[in-house]
2 protein chains.
Amino acid sequence: MNQRSKHAVTVLRSILRVTASYDRLVTRDTGLTVSQLLLLRILEEEGECPAGTIASRMGISQATTTSLLHKLDQKGLVQRRRGDIDKRQVWLSLTNDGVDKLANAPEGLQTKFGERFEALADWEQSMLVAGLERVASLLDAEKLDASAVLTAEEMLRVQTESEAS
Amino acid sequence: MNQRSKHAVTVLRSILRVTASYDRLVTRDTGLTVSQLLLLRILEEEGECPAGTIASRMGISQATTTSLLHKLDQKGLVQRRRGDIDKRQVWLSLTNDGVDKLANAPEGLQTKFGERFEALADWEQSMLVAGLERVASLLDAEKLDASAVLTAEEMLRVQTESEAS
DNA sequence: ATAGATTTGTTTGGTCATCAAAGTTTATTG
DNA sequence: CAATAAACTTTGATGACCAAACAAATCTAT
């Protein structure tokens with residue numbers, strides 16, 4: 001691998017590290033982990049839906065989903081309801097508290113990054129987004145056939161809508 | 001926050017997710033987690049050094065470092081030695097097995113991403129790297145005063161050198 | 001219908017990363 | 001020398017995550 005692609009990977013890693021620290025801050029501020037928040041956001045956008053939908057949207061196993069739900073349930077942020085037609089399913093929805101919590105959750109990464117991003121010139125914003133998308137596609141192409149992860153597009157849909165405040 | 005910056009965050013997140021899955025693959029292939037590999041790489045580059053150096057280079061606590069070291073020690077990949085001048089210090093170094101393991105470790109993210117990246121036109125490579133660096137700086141600026149994390153530059157040094165095979 | 005396969009979700013039992021706080025040993029400094 | 005600081009370890013948590021075993025419900029092909 002040439003020097004430049006190594007460098008690209010390096011920078012990518014540094015991005016990962018910084019975002020991870022943001023996540024820690026958000027967790028401290030909200031009392032909700034990033035995974036938990038993501039689950040709530042998906043639920044907000046999706047409306048009532050079965051647990052499996054959450055799992056595939058988040059790209060995690062059913063087992064992990066169950067445990068996340070357990071915690072959110074304890075906190076009183078989500079509700080579970082047995083399916084009518086298919087009784088194996090568990091339909092999920094936000095409680096009022098869940099909705100509130102989401103509404104008040106700081107957006108962490110978003111807020112800080114967003115400010116700076118918006119301070120950039122228009123052309124630069126476009127360029128950066130295009131670049132990120134390109135990188136995502138380079139990574140993703142390899143990934144897609146290897147496991148059940150959302151496509152970039154699906155993720156885009158999930159988060160663009162749910163994060164629109 | 002405007003639509004475009006939301007979108008930028010979304011794409012960033014999708015990148016995070018994909019890289020996380022890569023990490024899982026690497027772990028399965030090597031029997032070493034990404035943290036463990038990173039520790040080894042730093043040790044390779046740094047040469048024998050005290051535990052604290054590892055902690056600050058990795059941006060993790062001493063406690064975490066100790067536990068990582070414990071595992072690598074058990075696997076026989078690192079050696080610990082009490083400092084001569086300062087006996088509080090624990091000097092670390094790779095064992096022969098550690099060196100071998102590192103040499104044979106697949107680079108995961110690197111390899112796959114690298115191939116695709118190198119297939120791009122030269123100008124596009126430059127553009128992407130520049131974009132990533134810009135994004136890192138947007139994120140990092142906010143971050144630096146909030147906790148003890150490596151600066152982009154430090155990380156760059158660490159990984160550029162250690163990953164040069 | 002009905003036995004067998006599949007799907008949905010839960011449980012159980014692990015691994016790993018990570019931290020804070022308390023503890024130990026060894027410097028350092030007033 | 002006594003107090004303080006530094007370098008590491010231990011202890012005790014939390015959280016994410018998964019695989020495998022399980023239960024319940026549904027589907028399917030005979």
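In this predicted model, helix α4 of chain B supplies the largest share of the surface near DNA strand C, namely 5 residues. That helix spans residues 62–74 of chain B and lies across β2 and β3 of the same chain, running at about 120 degrees to β2(B). It therefore offers a convenient point of entry to both the DNA contacts and the sheet of chain B.

The surroundings of DNA strand C may be considered next. There are 24 residues around this strand, and those that come nearest are A:G52, A:R80, A:R88, B:T33 and B:T64. Residues of both protein chains thus appear in that list. By class, the surface near DNA strand C is made up of 10 polar, 8 nonpolar and 6 charged residues. On the nucleic acid side, sugar or phosphate accounts for 74% of the strand C atoms within 4 Å of the protein, and bases account for the rest.

Several individual contacts to the phosphates of strand C can be located. In chain B, a polar atom in the side chain of B:K71 is placed 3.0 Å from a phosphate oxygen of DNA strand C. The side chain of B:S61 has an N or O atom 2.9 Å from a phosphate oxygen of this strand. In chain A the backbone takes part: an N or O atom of the main chain of A:A51 is 3.2 Å from a phosphate oxygen of DNA strand C. Two or more residues of the surface near DNA strand C are given by each of the elements α3 (51–58) and α4 (62–74) of chain A, and α2 (34–46) and α4 of chain B.

DNA strand D has 23 residues around it, of which A:T33, A:T64, B:G52, B:T66 and B:R80 come nearest. For this strand, 72% of the atoms within 4 Å of the protein belong to sugar or phosphate, the rest being base atoms. The surface near DNA strand D comprises 8 nonpolar, 8 polar and 7 charged residues.

Which residues approach the phosphate oxygens of DNA strand D through a polar side-chain atom? A:T64 does so at 2.8 Å, and B:T66 likewise at 2.8 Å. B:G52 contributes a polar backbone atom, 2.7 Å from a phosphate oxygen of DNA strand D. The elements that give two or more residues to the surface near DNA strand D are α4 of chain A, together with α3 (51–58) and α4 of chain B. Among them, α4(A) gives the most, with 4 residues.

Attention now turns to the sheet of chain B. The sheet is open and has 3 strands in the order β1-β3-β2, with antiparallel pairing. Strands β1 (49–50) and β2 (78–82) of chain B stand at the edges with a single partner strand each, so one side of each has no neighbour in the sheet. The antiparallel strands β2(B) and β3(B), the latter covering residues 90–94, are joined by 5 bridges. One residue pairing is that of B:R81 with its bridge partner B:W91 in β3(B).

A final site lies in helix α7 of chain B, residues 122–143, which contains B:Q125. This glutamine is buried, with a relative accessible area of 5%. Its side chain reaches the backbone oxygen of B:F117 at 3.2 Å. Apart from neighbours within four places in sequence, B:Q125 is in contact with B:F117, B:E118 and B:L120 of chain B, and with A:N2 and A:R4 of chain A.

Terms used:
Residues are numbered from 1 along each chain as its sequence is written. Chains are lettered from A and ligands numbered from 1 in the order in which they are written. This is a predicted model: local features need pLDDT of at least 70, side-chain atom pairs count only at pLDDT 80 or more; totals for chains, interfaces and linings use all residues. Side-chain values use heavy atoms; hydrogens and water are left out. Two strands pair if DSSP finds at least two bridges between them. Contact means heavy atoms within 4.5 Å. Axes are lines fitted to C-alpha atoms, for helices over the stretch in contact, and angles run from 0 to 180 degrees between N-to-C directions. A residue is near a molecule or strand if one of its heavy atoms lies within 4 Å of it. A polar contact is a pair of N or O atoms within 3.5 Å; within protein, one must be able to donate a hydrogen and the other to accept it, and residues adjacent in sequence count only if both atoms are side-chain atoms. Ala, Val, Leu, Ile, Met, Phe, Trp, Tyr, Cys and Pro count as nonpolar, Asp, Glu, Lys and Arg as charged, and the others, Gly among them, as polar. Buried means under 20% relative accessible area, exposed over 50%, partly exposed in between (1.4 Å probe, protein chains only).
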